[in-house]
Amino acid sequence: GYIKSDGTIENSSRSTVGYVKPDGTVENSSRSTIGYLKNDGTVENSSRSTIGYAKGVKKEWAAVVYFFFKFE
């Protein structure tokens, strides 16, 4: 996939799968909030429950791993 400079996350076919806003809000392709990435590296789901940590990782990369990768 691809991470564009404006925070748009695309899959390998260049279809938009989500967005990371400058404030750390993560949205799906329909612009619904699915999570949050805090400045201290805390990753939260849409209910603001902590689901992980990504300290020192760019927000866009953390979003891809926590919200857009499909592990099989």
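1. First, the terms: helices (H or I, at least four residues) and strands (E, at least two) are DSSP runs, numbered from the N terminus. On that basis the protein chain has one helix and seven strands, and from the N terminus on the elements read β-β-β-β-β-β-β-α. The radius of gyration is 11 Å, close to the 11 Å that the globule rule gives for 72 residues, so the chain is as compact as a globular protein of that length. Here the radius is taken over C-alpha atoms, and the rule is 2.2 Å times the number of residues to the power 0.38.

2. Before going further, a caveat: this is a predicted model, where local features need pLDDT of at least 70, side-chain atom pairs count only at pLDDT 80 or more, and totals for chains, interfaces and linings use all residues. Residues are numbered from 1 along each chain as its sequence is written, and side-chain values use heavy atoms, with hydrogens and water left out.

3. Now the sheet. It is open, has seven strands in the order S1-S2-S3-S4-S5-S6-S7, and its pairing is antiparallel. The edges are S1 (2-3) and S7 (50-53), each of which pairs on one side only. Pairing here asks for at least two bridges found by DSSP between two strands.

4. Start with S2 (residues 8-10), which runs antiparallel to S3 and is joined to S3 by three bridges. Glu10 sits opposite Thr16 in S3. Five residues lie between the strands of this hairpin, and Arg14 takes a positive phi near 70 degrees.

5. Next along, S3 (residues 16-20) pairs with S4 (residues 25-28), again in the antiparallel sense and over three bridges. Two residues to look at in S3 are Gly18, which stands opposite Asn28 in S4, and Val20, which stands opposite Val26. This hairpin has four residues between its strands, and Gly24 in the turn has a positive phi of about 95 degrees.

6. S4 also pairs with S5 (residues 33-37), antiparallel and over three bridges. Thr25 has Tyr36 in S5 as its bridge partner. Four residues separate the two strands of the hairpin, with Arg31 in the turn at a positive phi of about 70 degrees. I'd check Arg14, Gly24 and Arg31 by eye.

7. Some whole-chain numbers. The C-alpha atoms fill a box of roughly 30 × 30 × 25 Å along the principal axes. Of the 72 residues, 35% are buried, meaning under 20% relative accessible area (1.4 Å probe, protein chains only). Among contacts (heavy atoms within 4.5 Å) between residues at least 6 apart in sequence, 21% join residues at least 24 apart.

8. Last, charge: the 10 positive and 8 negative charges have mean positions 2 Å apart. Lys and Arg count as positive and Asp and Glu as negative, without His or the chain ends; each charge is placed at NZ of Lys, CZ of Arg, CG of Asp or CD of Glu.

Terms used
Buried < 20%, exposed > 50% of the residue type's maximum accessible area, 1.4 Å probe, protein only.
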